[in-house]
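Me: I'm new to reading protein structures. Could you go through this one with me, step by step?

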Amino acid sequence: MKKSLIMNEKKGSIFSVKTRDELTLKQAQQKVDEWIKTYGVRYFSELTNMAILAEEVGEVARIISREFGEQSFKGKEKNKKLSDELSDVLFVLICLANQTGVDLSDAFQKNIEKKIKRDKDRHKKNKKLK
Ligand SMILES: [Mg+2]
């Protein structure tokens, strides 16, 4: 696992180790929480974060429409990275999970189990996908 120090003064905290290979959902939730408490003062309200989530999803849509759709990039837009915008979406989504008490690891596993039961054969039987 590749690790590097990113902040000496925060050594020992979740910020001290930059884990590029693996990050569990629980670690991501802890990392966002520590970032908010260290740099963000406090969480924005749920309503504000919902608006920010919509804004960030829009930024993802803008890139997708230009990279995979018919739209073209304006000058500086070419530097916008899909990975960075998807991470912005994930960050604010994690904020919403943290401030509403959602354990994303547990919730996501339950969600996948639900999808397995519900859609076991659904997509396999969809002739449009063949
Ligand atoms: Mg963004």
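Below are some questions and answers about this predicted model.

Me: What pattern does the protein chain follow when read along the sequence?
Reply: Let's begin with the pieces. The secondary structure of the protein chain comes to 4 helices and 0 strands. Read along the sequence, the pattern is therefore written with helices alone, as α-α-α-α.

Me: Are H1 and H3 roughly parallel or roughly perpendicular to each other?
Reply: Helix H1 covers residues 25-40 and helix H3 covers residues 82-100, and their axes are 9 Å apart. The angle at which they pack is about 90°. Angles of 65 to 115 degrees count as roughly perpendicular. H1 and H3 are therefore roughly perpendicular.

Me: How many of the residues in the contact of H1 with H3 are nonpolar?
Reply: On the H1 side you can look for Ala28, Gln29, Val32, Asp33 and Ile36. They meet Phe91, Ile94, Cys95, Ala97 and Asn98 in H3. Sorted by type, this contact has 1 charged residue, 2 polar ones and, as the number you asked for, 7 nonpolar.

Me: And H1 with H4: which word describes how they lie to each other?
Reply: H4 is the helix of residues 104-118, and its axis is 8 Å from that of H1. The two pack at an angle of about 140°. Roughly antiparallel needs an angle over 145 degrees. H1 and H4 are therefore described as oblique.

Me: Which residues of H4 make the contact with H1?
Reply: From H1, the contact uses Leu25, Lys26 and Gln29. Counting both helices, its residues divide into 3 nonpolar, 2 polar and 1 charged. On the H4 side, the residues to find are Leu104, Ser105 and Phe108.

Me: What distance should the 19 residues of H3 span?
Reply: Each residue adds 1.5 Å, and the expected span uses one less than the number of residues. The end C-alpha atoms of H3 are 27 Å apart, which agrees with the expected span of 27 Å.

Me: Within what arc do the buried residues of H3 fall?
Reply: The buried residues in H3 are Val92, Ile94 and Cys95, and they pack against H1, H2 and H4. On the other side of H3, Ser83 and Thr100 are exposed. Seen down the axis, the buried residues line one face of the helix, because they fall within an arc of 155°.

Me: Is arginine 66 buried, exposed or partly exposed?
Reply: Arginine 66 lies in helix H2, residues 46-67. Being buried takes 20 or more C-beta neighbours within 10 Å, and being exposed takes 12 or fewer. Arginine 66 has 17 inside 10 Å, so it counts as partly exposed.

Me: How far apart in space are arginine 66 and glutamate 77?
Reply: Leaving aside its neighbours within four places in sequence, arginine 66 is in contact with Gln71, Ser72, Phe73 and Glu77. Arginine 66 and glutamate 77 are 11 residues apart in sequence. In space, C-alpha to C-alpha, they are 9.6 Å apart.

Me: Is valine 41 buried or exposed?
Reply: You will find valine 41 in the loop between H1 and H2. Its phi is near 70°, a positive value in a residue other than glycine. A residue with 12 or fewer other C-beta atoms within 10 Å is exposed. Valine 41 has 8, so it is exposed.

Notes. Residues are numbered from 1 along each chain as its sequence is written. This is a predicted model: local features need pLDDT of at least 70, side-chain atom pairs count only at pLDDT 80 or more; totals for chains, interfaces and linings use all residues. Axes are lines fitted to C-alpha atoms, for helices over the stretch in contact, and angles run from 0 to 180 degrees between N-to-C directions. Angles under 35 degrees count as roughly parallel, over 145 as roughly antiparallel, 65 to 115 as roughly perpendicular and the rest as oblique. Two residues are in contact if their C-beta atoms, placed from the backbone, lie within 7 Å. Ala, Val, Leu, Ile, Met, Phe, Trp, Tyr, Cys and Pro count as nonpolar, Asp, Glu, Lys and Arg as charged, and the others, Gly among them, as polar. The arc is that of the directions from the helix axis to the C-beta atoms.
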